[in-house]
Structures are given as structure tokens and as C-alpha cells.
Amino acid sequence: MTSPVRYDVTGEIAVITIANPPVNALGHAVRQGLWDAIDRFDADAEARIAIILGEGALFLGGADISEFGKPPKEPHLPDVCTHIERASKPVIAAVHGPALGGGCEVALGAHYRMAIKGARFGFPEVQLGLIPGAGGSQRMPRLTGVGPALDMMPAGGSVTADQALENGFIDHLADGDVHEQAMIYAKGLLADGVDVRRVGDLPCPAYEADAFDAARTLWTRKARGEVAPLTAIDAVEAATRLPFDEGIKEERRLFLSLMETPQRAGMIHAFFNDRKVSKLPELKGVAPRDIASVGVIGGGTMGAGIATACLLAGLPVTLVERDEASAEKARTTITGNLDAAVKRGKLKDAESTLTKLTTVTDYAALSDVDLAIEAVFEDMSVKHDVFTKLDAVMKPGAVLSTNTSYLDVTEIAAATSRPADVIGLHFFSPAHVMKLLEIVVPDTTAPEVTATAFALAKRLKKTAVKAGVCDGFIGNRILATYRGAADRMILAGASPWEIDAAIKAFGLPMGPFEMGDLAGLDIGFMTRQRKAPDRDPRDIVPKWADAMYHNGWLGQKTGQGYYTYEGRKGTPNDAVKPLIDEARGDRPQLDFTPEMIQRRYMAAMVNEAAKVVGEGIAARPLDVDVTLLYGYGFPRWRGGPMHWADSVGLDALLDDIKGWAKDDPYFWQPAPLLEQLVAEGRTFSDLNEASA
Ligand code: T1G
Ligand code: NAD
């Protein structure tokens, strides 16, 4: 097998090229190839200086993530970086595009670093539940000082080439072709008669005494249970107090300690899911339709956010509202969103972007748009009316979509003469911020319309998940069930505030009752009203929540809900307790621990998710994991509820569910898929593999 590392000599310059598509990951063959190339360079009488560069779109994408969790093969990356550093003649790292993780560490192993404009240097390891493991945490602080390393590594961040030049990470910045510019730089260094310059030989970096304490305080708060960011701080600190070789050993010890954690497995599971979720075999070779203009119908909470997301992606938007006042209100909201995006550095100029927005009240203005996204009231008759109008005005071949949260998209499509062109695009609030997009596909929808929706998602930088048609699709359906488990725990003795605390301790940003207060308790009440006619008599109704609604306690928007609010800060609302006591009546009460609460909450989530996968509403368990991560704040370091379930054991979960079913057979009906997997000794991960 040819090595992914080439060695070529031109005059006195050796060029070591890594060609390992798609991202020049530092897999075993690349590591061995690099090691051998340095040996060859050392022995090469002609070559007086060497250049390491990457072929294709980037320098190096870092360690090969697919090798993690498998027995590591020598040479290990830290040894390769030290082997480069120990070369007897100068070595240059010439970087174009991203240099990430191990890619940065190879560059730090070199004696001179140059970059091409547009290059990016990053240590994303904590996003994989790891830390730099090939000398990065020891060499970078010696080169740039502690500050830049402490800013980058706990955050998994990156810097531009200009910033890298400024903080001393690189020595030279050029524009143009990397090979050409590297040759020029090498000739310049040869002319200067430079020698090897080993970063590892630089002294321990100086630092401010409270730098590490401040970083630990910050990341203890921000990490919400993730261990890697704090470990990265420990590693950088080691560089300030240990001789280099000791520091390298300490970094390795910390790195290997993280390699064994469930968090690392969860984060890497999430990394690969991000890439698999939009790969649908049924869309292979299906060309999407072109989308060059968008119509948004309804400019309320969601419509304004959706319009903003499209404008930020460079798409002209025609927004239709019921009346001039509502249209003006929508324009004001969108203007505010764009101004905020400028402040966050996500947009250069709001004014020029706003020129691409047209607000109208006449549907005829949509006659030439390629895609319409409806976000009007969540009422089927209003949706029908809107889709009848869209069907009348829009051009053949246009895509008609709805942002409904729960309603039957097949029925909405049937209100038109072109159901094949209708699809659900379920954004999450705020639509220009939340990354998740549920693409709800009725059986009547044409494949190229689904492909068009996924292409749009990519353009809007959304993470798209395909969902089938049912009440609440993937996310809201599962949400309704674990919310149901929370209500049942209240009836059985837990308080809303204990439940919120337990769920936050599990790693979610908010508990279900804080979330209810944020979204508005009227939404929950409307949903219960909508479901009342078909509700199973064995189901429970959170009567205390209905009473809160009738008291006008709608959460943050009324300053009172499960919490009372001074601004955004909430304090448990004791006035809810008597409402709960009344609803409990003389039911037997349990003394819930946080673990008991987490177990039931998660079991309800996983059990319903298994029904969603079993019914084909979600194609694979990974679709559920991605949905909960990007739409419902599920902690990335747990990988997702299905990954979590595999880690705790499906048989143990099923036992719990069967146990609770003795008291509540209606709610705790085990999902047939869960029972099947347990019976076959298989896992959700097996299903993901099977569908790959
Ligand atoms: N290892 C293995 N596979 C990788 C990979 C990697 N590092 N990076 C990407 N891939 C696969 C990916 O799964 C996809 O596969 C294909 O390549 C294209 O990726 C010791 C421990 C580089 C910016 O975290 O950020 O070094 O789906 O779709 O949008 O200290 O990939 O086609 O089958 O994302 O052009 C640190 C992760 C590793 C970088 C390119 N490095 N990658 O983005 O392509 S840890 C990272 C990225 C480490 C050391 C430590 C991006 C990219 P498939 P893609 P892209
Ligand atoms: P909203 O009440 O904030 O906005 C609805 C807007 O639609 C109003 O401005 C109204 O004037 C306009 N409208 C109503 N009938 C119209 C018509 N015939 N033509 C043009 N405009 C019309 O509601 P929202 O929260 O933005 O929800 C809109 C849709 O998005 C609903 O289907 C909802 O279920 C769904 N959704 C909401 C959320 C959320 O968190 N709010 C999240 C996802 C999906």
C-alpha cells in the first residue's frame, strides 16, 4: 500500500506532503509515514531544510478520531511530534486551511511555522471529551505564553492566521499557493543560515498567579459537568511548573485518563452523528431544486426568526402578514435580530441585508419565489386557508413548507393540488439561533423536495433531521412523554423544583418546569386542550398546571409560574404547592432522590424514543440523539439519550419500566423495539451500524 506521506527533494529542500483525504487525519499510516520521512531527511545529504505540508483543502485535520477507543498503534503522535522536533536540520510546517488538534501539534513539533492567509489553528479536542495529547499543551504556552493557550484549549477554540502571527504561534504569513510560498520561505531561511529551533527547549512560560484559578472558576460554571475543559487547564498549568519531558508525561497521563471516560465516547458519538444524520440512502443521487428566493408567511415569533435565518444565509425574503401593522412589527423584529447579529460579529452590515427583505400583505407577491415557509397560528383551518392561497399563487416547481409544531403535515399538503411539493420544516425558537431543523416528510412528498429541504438546511447552517408525520414528530413527541413523567413524579411526591434541579444535575441547561415558564405555560395548556377530546381516560392531567393557567401564572412573561421572576432570575413559587397538594389528594407519596428522578425522566425519554424509531418516525436511533442534542439541550457529553441508554444497559432500563408499569401500566408500556433489542441482546448503536 502506498504511504499517504510523500518525500520529494528540490535542490536543498525536502518537501514532506501528507495526502490522506478527506481531511489528512493523522491515522497510523500517516504517523508512520511522517516518522520515516524525518529519518529519510536526516539521512539525506542533499536536503538542508524540510517542509511539511498537507495536500488538498487543509494542512492536517488532527488525530484520526475513528481510531479512538481502539488499541493505539505505534508510533504514537506525541512521539512523532518529538521526532520532528529532534530532526538534525530545520523543519518548517507550512499551513493552509485548518490545522486542528494533532495538526497544530505537528506544526509545534516543527522548528519554523508559516501559514497562508485564511489558515486556521485550533485545538478542538475538548469537543471530543479530550485534551491535546501530542505536546500541544506543553509546547504552545512556551511559544505564545499561557494566555493564548488558556483561551483556546478549555474552549476547543481556534485562531486565524493573523491572530497566530500576533501571538507568536507562527513566524511567517504569506498569500497564495502554500507549496510555492513555502519554497520561498525555506530559501529565505537557508539564506539566513538558520538552525533547528526546538519549542520544547524553550523555558517554562511565565504567568499571572490567578490565571488558572480564574479559568477554573469560569469553566466550572460553563462546562456543566464536562470534565475535559478543566483537565485542559490542568495540562497547561503543568507546562508552567514541570520541565518539558515531565510536562509531556503529565499531559499524556491526563489525556489517557480522559480517553477512558464515557464523556469521550459520548462526544465522539455526537461528532460522527453530526455527519451521518444528513446522509440518507434514499436521497443518494437525488438533485435538489434551486432555492434563490424565499417567502415567509406569518412574521410572529417563528416567522421573524426564520426570515432572519434566510437573510443571514444571503437569501432574499418576501414576508407576508395579515395586515400592515403586523408586517411592520415583523420588520422591526427582524431588524433587531440583524442588529444583534452584527454585535455578535455574525454579520457585517444589517442595512444592506435588510434591503433583501420585502414585507407585504398580498400573497400575489409570492408568485415567483422558489420556496414558501408558513409560520402562522397553530390552527388547522388557518393552515388550510394559507396553503390554498399559496397553491393558487406560487409557480410550478416551487416548494411549499409548514413550520407547524404538531399538526398533520399530510393533511396540510392535501389542502393543495400539489402535495408532492409540500414538506414540513420545523424550526426551533429562536429560529435564527437554534441549530436543529426537523424535516417532516409525508409519504406524498417528492424525493427532490426532501433533498431540497436538506440542501436548504446546509445553506442555513442547520443540523437537519428527517422525521415522519405523527403528533409532535420526533422531538416534541418525546418531550411530551418525559414531561408526562415529570408530572407523574409530582403526583407521586417530587416537587417541580427538585425535578428541575435533578435534571440540571444530569447536564441539561434547564429542567422541564423552568422550560415551561420560559416558553409560556399557556402553550402547555393549549396543547392539553387540543388533546383533551382524544385523551385516554387512564392518562393524567396536571390539574395544578391548569389552575396556574386560570390564575394567569404563565411563567416568565407574567413574572410568575413555577418560579417568581425578578428579571430572568427565578425563585421557587410557593403558591404552587397548595395546588399540587390538592391534585395529589391521597395518593401514596415516594421520597424521590435526584437519581430516581433522573432515572424515570430518562427512561420515559428513551422508551418513547424507541417507539418513535420502531414506528419509523425517526429512521435511526442517532436521529433521536441529534434531535435532542440540538433542539432540547441534551448534554453533548452524554452523546444523546439513545447512546446514554446503551451505556446504562437496555435490559436494566426495561426492568425499571416493567417495574413502574405495575403501578402505572398505561404510561409505562415498554416500547416493542426496546423489548426486541433486549431479547436479542442488541443495542441502539447496533441499529445505527446496521443502517450505515
Ligand atoms: N478523524 C477521522 N475522520 C475525520 C476527522 C478526523 N480528525 N475529521 C473529519 N473526519 C471525517 C468526517 O467524519 C467525514 O467523514 C469526513 O472526514 C469529512 O469531514 C492527539 C487527540 C477538518 C474542519 O476535531 O472539524 O487531534 O462523513 O464533513 O466540513 O491532540 O471535519 O465523509 O464519512 O467534517 O470539510 C482533532 C474534526 C482530533 C477535527 C473538515 N481534530 N474535523 O470539515 O468535512 S483529536 C478535530 C473537523 C486530536 C490530538 C488530539 C472537520 C474539518 P464522512 P467533514 P468538512
Ligand atoms: P405567533 O403567534 O407568534 O405568530 C403567528 C403570526 O402569523 C402572527 O404574526 C399573525 O399575524 C400571522 N398570521 C396569522 N394568520 C395569518 C395569515 N392568514 N396570513 C399571514 N399571516 C398570518 O406564532 P409562532 O409562535 O410564531 O408560531 C407560528 C407557527 O410556528 C405555529 O404553527 C407554531 O406551532 C410553530 N412553532 C412555534 C414555535 C415556538 O416556539 N413558538 C416553535 C416551532 C414551531
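## Two ligands and their shells

α15 gives the shell around ligand 2 its largest share, three residues. Helices (H or I, at least four residues) and strands (E, at least two) are DSSP runs, numbered from the N terminus. This is a predicted model, in which local features need pLDDT of at least 70, side-chain atom pairs count only at pLDDT 80 or more, and totals for chains, interfaces and linings use all residues. Residues are numbered from 1 along each chain as its sequence is written, and side-chain values use heavy atoms, without hydrogens and water.

**Ligand 2.** The shell holds 22 residues. A residue belongs if one of its heavy atoms lies within 4 Å. Among the closest are Glu378 and Lys383. α12 (301-312), α15 (380-393) and β15 (422-427) each supply at least two shell residues.

**Ligand 1.** Here 24 residues surround the ligand. Ala63 and Glu105 are among the closest. α11 gives the largest share, three residues. Both α3 (102-109) and α11 (262-276) supply at least two.

Polar contacts are pairs of N or O atoms within 3.5 Å. Some of them are listed here.

| Ligand atom | Protein partner | Distance |
|---|---|---|
| ligand 1, nitrogen | Ile65, backbone | 2.9 Å |
| ligand 1, oxygen | Gly102, backbone | 2.8 Å |
| ligand 1, oxygen | Arg275, side chain | 2.8 Å |
| ligand 2, oxygen | Thr301, backbone | 3.0 Å |
| ligand 2, oxygen | Met302, backbone | 2.8 Å |
| ligand 2, oxygen | Glu321, side chain | 2.5 Å |

How much of ligand 2 does the protein bury? On its own, ligand 2 exposes 830 Å², and the protein buries 80% of that. Accessible areas come from the Shrake-Rupley method with a 1.4 Å probe.

Methods. Chains lettered and ligands numbered in written order. Polar contact = N/O pair within 3.5 Å; in protein donor to acceptor, adjacent residues only side chain to side chain.
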